[in-house]
Amino acid sequence: VADILVVDDSKVMRDMIVACLRPRADFAFTHASSGLEAIERLSLKRFDLVVLDLNMPDIGGIEVVEFVRGQDTLRDLPIIIVTTRGDDASRARSLEAGASRFMTKPFSPEAILQEVETLVAPAAVRAATGVSP
Amino acid sequence: LSGRVDLAEFLSAFVAEADEQLVVATAKLLAIEQAERKGARDPRGVRDAFRALHTIKGLSSMVGVDAIVAISHAMESVLRPADRAGGALPVGGIDPLVKGVRAIELRVRSLERGESVAPPPDDLLNDLDALVSGASGSATGKPSSARFALEPDISCTRPTAGGRSGSISRHRPSAPSAASRSTRSETASVHSRRSSASCRSP
């Protein structure tokens, strides 16, 4: 089972993201409604991937990515940024901060599922062996 | 998989959250107006109103309610620069924004009743566009579709097999500069959603 943390201040959006990934019965989901809650959950449990909104009221997605990349134990954690802000500046800032992917809403269920599957498999190998595939 | 999140599955939750955000937006716009009457600004109110419209736009885009996407996007385009300017809305900005909230609300009600959703009102979009044009000092009277088509915020897309698209950028943690170049090359197009204003019912 791959543990996926879904972070968005909109519950409906979190549910939509989970629905997109629902075809994979071996994915388990944890919700976080803010950047602060995401950091708290990441500090308590190991996840295989994070789907992260960019714009949130307390701590934004960029700050969460920077926190994750600053932790030795989380440095390789795959992070997909999802946002309605598809401008170049947001994209560049997200990737420079260390996000693995940047997706603009609306995205299709197929698109995000494909990206998650691409990222989760190597992460699982890394978690099991300690070696990047 | 359908290529799009199914509105029918999320209709009641979508309506509930849209209503919640519309209440926030209305309250904030009224607070901003009251502050303006006192000659003051309400930067927190502007930011909260922006965030409410941003959430509505994101949810609407995911389920393909393009009319609401277009209205909320036009409202965002007024509120974002105001937020960056410390809460300074353009003169006469409140009225079109309140009308925008009302226009979104009407369309949410249509969705709730299972009816087709009306396209966004051109006069409202033009009024909101005019506020943006006036605030930025650019030429007024510019066709609204021109500004919308050039707006980079809405969606930079890469076609997918399902006909829908998601903008995807790849990043190799060990080579961020290379990743940035890859990002540019994968950005296929910027498209307008205003042209497809009709929406399906659940």
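Visitor: Among the elements of chain B, which has the highest mean pLDDT?
Guide: This is a predicted model, and pLDDT is the predictor's confidence in each residue. At the low end of chain B stands strand β3 (residues 189–190), with a mean pLDDT of 26. At the high end, the mean is 98, and the element is helix α4 (residues 94–112) of chain B.

Visitor: Over which residues of chain B does pLDDT stay under 50?
Guide: The chain B mean is 74, and 65% of its residues reach 70 or more. One stretch stays under 50, though the model still has 154 contacts for it beyond four places in sequence. That stretch is residues 137–202.

Visitor: What ipTM does the predictor give the complex?
Guide: The predictor gives two scores for the complex. The pTM is 0.77. The ipTM is 0.87.

Visitor: In what order do the elements of chain B run?
Guide: Chain B has 7 helices and 3 strands. Read them from the N terminus on. The order is α-α-α-α-α-α-β-β-α-β.

Visitor: What percentage of the residues in chain B is buried?
Guide: Chain B has 202 residues. A residue counts as buried under 20% relative accessible area. By that cut-off, the buried part of chain B is 51%.

Visitor: How many residues of α3(B) are buried?
Guide: Helix α3 of chain B covers residues 66–84. From first C-alpha to last it reaches 26 Å, close to the 27 Å expected. The helix is mostly covered: of its 19 residues, the buried ones number 17.

Visitor: Which residue with a positive phi follows α3(B)?
Guide: Look just past the helix α3(B). The phi there is near 75°. The residue is Gly86(B).

Visitor: Which helix of chain B gives the largest nonpolar core its largest share?
Guide: In soluble globular proteins, nonpolar side chains tend to be buried together. The largest nonpolar core here has 67 residues, and those with the most contacts inside it include Met16(A), Val116(A) and Ile104(B). The largest share of this core is 10 residues, from residues 7–37 of chain B: helix α1.

Visitor: How many residues does the other core have?
Guide: Another core lies apart from the largest one. Among its members are Val7(A), Ala38(A), Val64(A) and Val65(A). Its residue count is 23.

Visitor: Which backbone oxygen does the side chain of Arg51(B) reach?
Guide: Arg51(B) lies in helix α2 (residues 43–63) of chain B. Arg51(B) is buried, because its relative accessible area is 16%, under the 20% cut-off. Its contacts beyond four places in sequence are with Asp9(A), Asn55(A), Met56(A) and Pro57(A). At 3.3 Å, its side chain reaches the backbone oxygen of Asn55(A).

Visitor: Is Val6(A) buried or exposed?
Guide: Val6(A) lies in strand β1 (residues 2–7) of chain A. Its contacts beyond four places in sequence include Ile17(A), Phe29(A) and Val51(A). Its relative accessible area is 0%, so Val6(A) is buried.

Visitor: How far apart in space are Gly86(A) and Thr104(A), C-alpha to C-alpha?
Guide: Gly86(A) sits in the loop between β4 (79–83) and α4 (88–97) of chain A. Gly86(A) counts as buried, because its relative accessibility is 0%. Along the sequence, Gly86(A) and Thr104(A) are 18 residues apart. In space, their C-alpha separation is 5.5 Å.

Methods
Residues numbered from 1 in each chain as written. Chains lettered and ligands numbered in written order. Predicted model: local features only at pLDDT ≥ 70, side-chain atom pairs only at ≥ 80, totals over all residues. Heavy atoms only, no water. Core = buried A, V, L, I, M, F, W, Y, C linked by side-chain atoms within 4.5 Å. Buried < 20%, exposed > 50% of the residue type's maximum accessible area, 1.4 Å probe, protein only. Helix = DSSP H or I, 4+ residues; strand = E, 2+ residues; numbered from the N terminus. pLDDT = per-residue confidence, 0-100. Contact = heavy atoms within 4.5 Å. Expected span 1.5 Å × (residues − 1). Polar contact = N/O pair within 3.5 Å; in protein donor to acceptor, adjacent residues only side chain to side chain.
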